[in-house]
Amino acid sequence: MKTLTVVRHAKSSWNTDDNDHDRPLNERGLNAASKVGAEIMRRGLIPDRIISSTAVRAATTAKLIANEISYDLSIIEYSSELYLADISDYEKVISNTEEISGIENLMVVSHNPGSHELCHYLVNDCDIEDFITCAVARINLEIEFWGEINQGVGKLADFFTPHDL
């Protein structure tokens, strides 16, 4: 069994001249990402690997979470395919995770609507209604290899948002 943790980036700023890809987190987002990271640590949901969208708001969220869980920032992977990803983009990124590295628990930090859609794709009868900023979904996958990622292979094991903390 593999485990996937899906994280939507924290709240970003709209008060910027930056293009969408380069928008930073706002103060609320900075606080939420650290708070969520601490909760991930408290719940023992530590990933073996973190893959983040290259967008500034997602990358910053990944780094803040990594800090809270004592994950080495230098080994966070960044994928441009996760920026505004659809299901096929997620499948490609996830299925390319190396099996020889012993990665059983993967975290993906990305955007909506893709994060929400991915949860519903993987979990039949998924009851997540709103995947708000910095929401976290932990999905147990009934697969042996990452390349087997497919519709309906998951069971929702945990879901929380910054508002729950």
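Which strands does helix H1 (residues 27-43) lie across, and at about what angle does H1 run to E6? In this predicted model, helix H1 lies across strand E4 (105-110), E5 and E6, and its direction is at about 125° to E6.

**The sheet and the helices on it**

The strands that H1 crosses belong to an open sheet of six strands. Their order is E3-E2-E4-E1-E5-E6, and the pairing is mixed. Strand E3 (77-79) and E6 are the edge strands; each has a single partner strand, so one side of each is left without a neighbour in the sheet. From one strand to the next, the twist averages 20°.

Within this sheet, strand E1 (residues 2-8) pairs with E5 in the antiparallel sense, over six bridges. In this pairing, Leu4 stands opposite Ile139 in E5. Helix H4 also packs on the sheet, where H4 touches E1, E4, E5 and E6. The direction of H4 makes about 150° with that of E1.

**Helix H2**

Helix H2 (residues 56-68) has 13 residues, which should span 18 Å at 1.5 Å a residue; the end C-alpha atoms of H2 are 18 Å apart, which agrees. The buried residues of H2 are Arg57, Ala58, Ala59, Thr61, Ala62, Leu64, Ile65 and Ala66. Among the elements that cover these buried residues are E1, H1, strand E2 (49-53), E3 and E4. Just after H2, Ser70 takes a positive phi of about 60°.

**Aromatic rings**

A pair of aromatic rings is described by the distance of the centres and the angle of the planes. A search of the whole structure finds one such pair. The pair is formed by Phe131 and Phe159 and is tilted, with 5.7 Å centre to centre and 45° between the planes. Phe131 lies in the loop between helix H4 (114-122) and strand E5 (136-141), whereas Phe159 lies in strand E6 (residues 154-160), so the pair ties together parts that are 28 residues apart in sequence. The accessibility of the two residues is given below.

| Residue | Relative accessible area | Class |
|---|---|---|
| Phe131 | 2% | buried |
| Phe159 | 26% | partly exposed |

Phe131 counts as buried because its relative accessible area of 2% is under 20%. Phe159, at 26%, falls between the limits of 20% and 50% and is therefore partly exposed.

A further ring, that of Trp14, has a charged residue over its face: Arg23 lies there at 3.6 Å from the ring centre.

Terms used: Residues numbered from 1 in each chain as written. Predicted model: local features only at pLDDT ≥ 70, side-chain atom pairs only at ≥ 80, totals over all residues. Heavy atoms only, no water. Phe/Tyr/Trp six-rings, centres within 6.5 Å; stacked < 30°, edge-to-face > 60°. Helix = DSSP H or I, 4+ residues; strand = E, 2+ residues; numbered from the N terminus. Buried < 20%, exposed > 50% of the residue type's maximum accessible area, 1.4 Å probe, protein only. Lys NZ or Arg CZ within 6 Å of the ring centre and 35° of its normal. Pairing = 2+ DSSP bridges. Axes fitted to C-alpha atoms, helices over the stretch in contact; angles between N-to-C directions. Contact = heavy atoms within 4.5 Å. Expected span 1.5 Å × (residues − 1).
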